[in-house]
Amino acid sequence: MKGKGGRTVAKGNLPSKLCPACNRPFSWRRKWARDWDQVIWCSDRCRAEGRRAGGGAVPPPAG
Ligand SMILES: [Zn+2]
């Protein structure tokens with residue numbers, strides 16, 4: 001028997017991005033329909049975190 005999850009469900013074939021703050025992929029949302037191109041963070045919280053980390057768009061090197 002298999003648990004739930006693990007199966008890829010293509011629902012509308014929505015685009016997705018990787019959030020630099022939490023390093024998690026997030027999918028297109030309706031509220032971003034207008035400015036999906038400029039969306040960087042998956043949430044307001046991550047945006048705040050990302051902005052605090054630095055001013056550049058490039059995340060600091062790990063280490
Ligand atoms: Zn995030």
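1. A residue is called buried here if 20 or more other C-beta atoms lie within 10 Å of its own. In this predicted model, 2% of the 63 residues of the protein chain count as buried by that criterion.

2. As for the overall layout, the protein chain contains one helix and two strands, and, read from the N terminus, these elements follow the order β-β-α. Where contacts join residues at least 6 apart in sequence, 22% of them link residues that are at least 24 apart.

3. The loop between strand S1, which covers residues 16-18, and strand S2, which covers residues 25-27, includes alanine 21. This residue counts as partly exposed because it has 19 C-beta neighbours inside 10 Å, while the cut-off for a buried residue is 20 or more.

4. Leaving aside residues up to four places away in sequence, alanine 21 touches Trp41, Cys46, Glu49 and Gly50. With tryptophan 41 in particular, the separation along the chain is 20 residues, whereas the C-alpha atoms of the two residues are 7.0 Å apart.

5. Asparagine 23 also belongs to the loop between S1 and S2, and a reader may wish to look at its backbone, since asparagine 23 has a positive phi of about 55° although it is not a glycine.

6. Is asparagine 23 buried or exposed? Asparagine 23 is exposed, because 10 other C-beta atoms lie within 10 Å, and a residue with 12 or fewer such neighbours is classed as exposed.

7. Tryptophan 41 appears again in relation to asparagine 23: the two residues are 18 apart in sequence, and the distance from C-alpha to C-alpha is 9.6 Å.

Terms used. Residues numbered from 1 in each chain as written. Predicted model: local features only at pLDDT ≥ 70, side-chain atom pairs only at ≥ 80, totals over all residues. Helix = DSSP H or I, 4+ residues; strand = E, 2+ residues; numbered from the N terminus. Contact = placed C-beta atoms within 7 Å.
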